[in-house]
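The following exercises are to be worked with the sequence and the coordinates at hand. Each task is followed by a solution in steps.

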Amino acid sequence: MLDQHLIHRIRTIFLHQRPHVTVADATVLLGWSESEMARAIRAGEIEVTSTDIGTWIWREELMAKALELWAQEAIEEALGVDAVGVIPEAVRLIELRVRLPRYQVAMLEYFAGRDRASVSGLLARELDGMASAHAEELSSAVSGFARALGWPDGDSARVPC
């Protein structure tokens, strides 16, 4: 069960109606300190846009960082039925049942425990690597693949304040 404060932060990030948030708001929503946010901006981990009226973080940038910070299971749980309107169908989680040798299951459980992740999250990260490595081939072979792989990219929707 997720903490109510975390649910609120996740829902605010993914259901935010404006195209951007202030750096201060993004700091709170990600649960970071001001120094953590400043370091992330300096390191290029967070991209900001400055205008005459302020410095902004695009909603898609914030969503991408949230997907790095929290398991997709947690994000979808926090969004509940609203996940359908925010996360594209091809990106939403679906259950997959597989049969694997016991040593592979033990290996997955070991690495997931070591990384403080779920086995699902661990596999998803590994499969993302495979998807990126074969993006060109899969984009032409699997309908909607490129769009799913690129989500939540909103560069085309970005309009300066």
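**Exercise 1. Charge and overall dimensions**

Task: For this predicted model, determine how far apart the mean positions of the positive and negative charges of the protein are, and describe its extent and surface.

Solution.
Step 1. The protein carries 16 positive and 24 negative charges, and the mean positions of the two sets are 5 Å apart.
Step 2. The C-alpha trace spans about 60 × 40 × 35 Å along its principal axes.
Step 3. The accessible surface amounts to about 11,000 Å², and carbon and sulfur atoms contribute 54% of this area.
Step 4. Among the 161 residues, 29% count as buried.
Step 5. Of the contacts with a separation of 6 or more, 55% are made by residues 24 or more positions apart.

**Exercise 2. Elements and sheet topology**

Task: List the order of the elements from the N terminus on, then derive which strands stand at the edges of the sheet.

Solution.
Step 1. The protein has ten helices and three strands, arranged as α-β-α-α-β-β-α-α-α-α-α-α-α from the N terminus.
Step 2. The three strands form an open sheet in the order β1-β3-β2, and the pairing is antiparallel.
Step 3. β1 (20-22) and β2 (49-51) each have a single partner strand; therefore one side of each is left without a neighbour in the sheet, and these two stand at the edges.
Step 4. On average, neighbouring strands of this sheet are turned by 40° against each other, direction ignored.

**Exercise 3. Pairing in detail**

Task: Identify the bridge partner of Thr22 in β3 and the residue of β3 that stands opposite Ser50.

Solution.
Step 1. β1 pairs with β3 (residues 54-58) in the antiparallel sense over three bridges; within β3, Trp56 is the bridge partner of Thr22.
Step 2. Helix α4 (residues 59-69) packs on the sheet and touches β1 and β3. The direction of α4 makes about 55° with that of β3.
Step 3. β2 and β3 also run antiparallel, joined by three bridges, and here Ser50 stands opposite Thr55.
Step 4. The connection from β2 to β3 is a hairpin through two residues.

**Exercise 4. A lysine in helix α4**

Task: Decide whether Lys65 is buried or exposed, and name its contacts beyond its neighbours within four places in sequence.

Solution.
Step 1. Lys65 is located in helix α4.
Step 2. The relative accessible area of Lys65 is 6%. The cut-off for a buried residue is under 20%, so Lys65 is classed as buried.
Step 3. With neighbours within four places in sequence left aside, Lys65 is in contact with Leu30, Trp32, Glu45 and Ile46.

**Exercise 5. Backbone exceptions**

Task: State what is notable about phi at Arg116 and about the peptide bond from Trp151 to Pro152.

Solution.
Step 1. As a reference, most residues other than glycine have a negative phi, and most peptide bonds are trans.
Step 2. Arg116 is not a glycine, yet its phi is positive, at about 55°.
Step 3. Arg116 lies in the loop between α7 (102-114) and α8 (119-133). Its relative accessibility is 81%; the cut-off for exposed is over 50%, so Arg116 counts as exposed.
Step 4. The peptide bond from Trp151 to Pro152 is cis, with omega near 5°, and Pro152 belongs to the segment after α10 (145-150).

How values were computed. Residues numbered from 1 in each chain as written. Predicted model: local features only at pLDDT ≥ 70, side-chain atom pairs only at ≥ 80, totals over all residues. Heavy atoms only, no water. Pairing = 2+ DSSP bridges. Helix = DSSP H or I, 4+ residues; strand = E, 2+ residues; numbered from the N terminus. Axes fitted to C-alpha atoms, helices over the stretch in contact; angles between N-to-C directions. Contact = heavy atoms within 4.5 Å. Buried < 20%, exposed > 50% of the residue type's maximum accessible area, 1.4 Å probe, protein only. Areas by Shrake-Rupley, 256 points an atom, 1.4 Å probe, with all protein chains shown as cover. Lys, Arg positive; Asp, Glu negative; His and termini not counted. Charge placed at Lys NZ, Arg CZ, Asp CG, Glu CD.
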